[in-house]
Amino acid sequence: MNRKSVLILLLFVLFIIEGTIIPWLIPYSWQTRLFPHLVFVVIMYFSIFENRHTGLVLGIIFGLLHDIVFYGAIIGSYSFAMGFTGYLVGVPSRSRPMPLPMVLIVIILGSLLLDSTLFGIYSLFELTHQPYSWAFVNHIIPNLFVQFVFALAIYVPLRRQLEIITKRRSPEQKS
């Protein structure tokens, strides 16, 4: 198997871990507030280090999986939000490679954009009646913290693998 297939398999494993193991690790009082998107962090790495179009496609596919498996109120909200954010996160990295602090800032902003977009969609369709300030303090900030720690933990091994994949391809294929 090539490295890209292994990394896609990693996304599926993280998707399964998000639904099975993570709820056991989260304290009971936080289970209605904390929904870490580990798959999305890896999608953002794909978008930053490989290609923004890959981030878009992976965001749409895994967002649709999230919609179907976890959050069935509206089909397509996670798909749209993950795809859109995955694409936008990859735009700044087109010109040159980014250092670790910049990558982590982009991941924090991407996570903030994902959760804010989802809140906006849910507010638009009246699935939530809480103000944004309440959602920001009770949901978005804890999710940002968990996703930041996860992004920091997987930075080195995932970046090495993605750089190996990117170096193998010719410049025409990188677009």
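Contact is taken here to mean heavy atoms within 4.5 Å. In the predicted model, S111 touches, by that criterion, F40, M44, L144 and Q147, residues up to four places away in sequence not being counted. S111 lies in helix α6, and its relative accessible area of 1% places this serine among the buried residues, since burial is assigned under 20%. Of the contacts listed for S111, F40 and M44 fall within the residue range of helix α3, which runs over residues 38-49, whereas L144 and Q147 fall within that of α7, which spans 132-168.

The protein chain as a whole contains 8 helices and 0 strands, and its order along the sequence is accordingly written α-α-α-α-α-α-α-α. For a chain of 175 residues, a compact globule would be expected to have a radius of gyration near 16 Å, and the value computed for the protein chain, 16 Å, agrees with that expectation. The C-alpha trace spans about 50 × 30 × 30 Å along its principal axes. Of the 175 residues, 44% count as buried. When contacts are restricted to residues at least 6 apart in sequence, 77% of them join residues at least 24 apart.

Helix α1 takes part in two of the helix pairs examined. With helix α3 (residues 38-49), α1 packs at an angle of about 155°, the two axes being 8 Å apart; because angles over 145 degrees count as roughly antiparallel, α1 is described as roughly antiparallel to α3. On the α1 side this contact involves L7, I8, L10, L11, L14, F15 and E18, which meet L38, V39, V42, I43 and F46 of α3. Divided by class, the residues of the contact comprise 11 nonpolar, no polar and 1 charged.

The second pair joins α1 (residues 3-20) to helix α4 (residues 52-69), with an angle of about 30° between them and a distance of 12 Å between their axes. These two helices are therefore roughly parallel to each other, the angle falling under the 35 degrees used as the limit for that description. The crossing in which α1 passes α4 is right-handed. Contact is made by K4, I8, L11, F12, F15 and E18 from α1, together with T54, L58, F62, L65, H66 and V69 from α4; by class, these residues comprise 8 nonpolar, 2 polar and 2 charged. I8, L11, F15 and E18 of α1 are listed both in the contact with α4 and in the contact with α3.

Also within helix α4 is I61, which counts as partly exposed at 42% relative accessibility. The C-alpha atoms of I61 and N51 are 16 Å apart in space, while the two residues are separated by 10 positions in sequence.

Helix α6, which carries S111, packs in turn with helix α5 (residues 77-90), at an angle of about 150° and with the axes 9 Å apart. The two helices are therefore roughly antiparallel to each other, and their crossing is right-handed. The α5 side of this contact is formed by S77, Y78, F80, A81, M82, F84, T85, L88 and V89, and the α6 side by V106, G110, L113, L114, T117, L118, I121 and Y122. Taken by class, the contact of α5 with α6 has 13 nonpolar, 4 polar and no charged residues.

Beyond the end of α6, attention turns to the loop between α6 (100-124) and α7 (132-168), in which E126 lies. Most residues other than glycine have a negative phi. E126, although not a glycine, has a positive phi of about 55°. With a relative accessible area of 59%, E126 is exposed, the limit for that class being over 50%. In sequence, E126 and I105 are 21 residues apart, and their C-alpha atoms are separated by 31 Å in space. The glutamate of this loop is thus exposed, whereas S111, in helix α6, is buried.

Terms used:
Residues are numbered from 1 along each chain as its sequence is written. This is a predicted model: local features need pLDDT of at least 70, side-chain atom pairs count only at pLDDT 80 or more; totals for chains, interfaces and linings use all residues. Side-chain values use heavy atoms; hydrogens and water are left out. Axes are lines fitted to C-alpha atoms, for helices over the stretch in contact, and angles run from 0 to 180 degrees between N-to-C directions. Helices (H or I, at least four residues) and strands (E, at least two) are DSSP runs, numbered from the N terminus. Angles under 35 degrees count as roughly parallel, over 145 as roughly antiparallel, 65 to 115 as roughly perpendicular and the rest as oblique. A crossing is left-handed if the near helix is turned anticlockwise from the far one by less than a right angle, and right-handed if clockwise. Ala, Val, Leu, Ile, Met, Phe, Trp, Tyr, Cys and Pro count as nonpolar, Asp, Glu, Lys and Arg as charged, and the others, Gly among them, as polar. The radius of gyration is taken over C-alpha atoms; the globule rule is 2.2 Å times the number of residues to the power 0.38. Buried means under 20% relative accessible area, exposed over 50%, partly exposed in between (1.4 Å probe, protein chains only).
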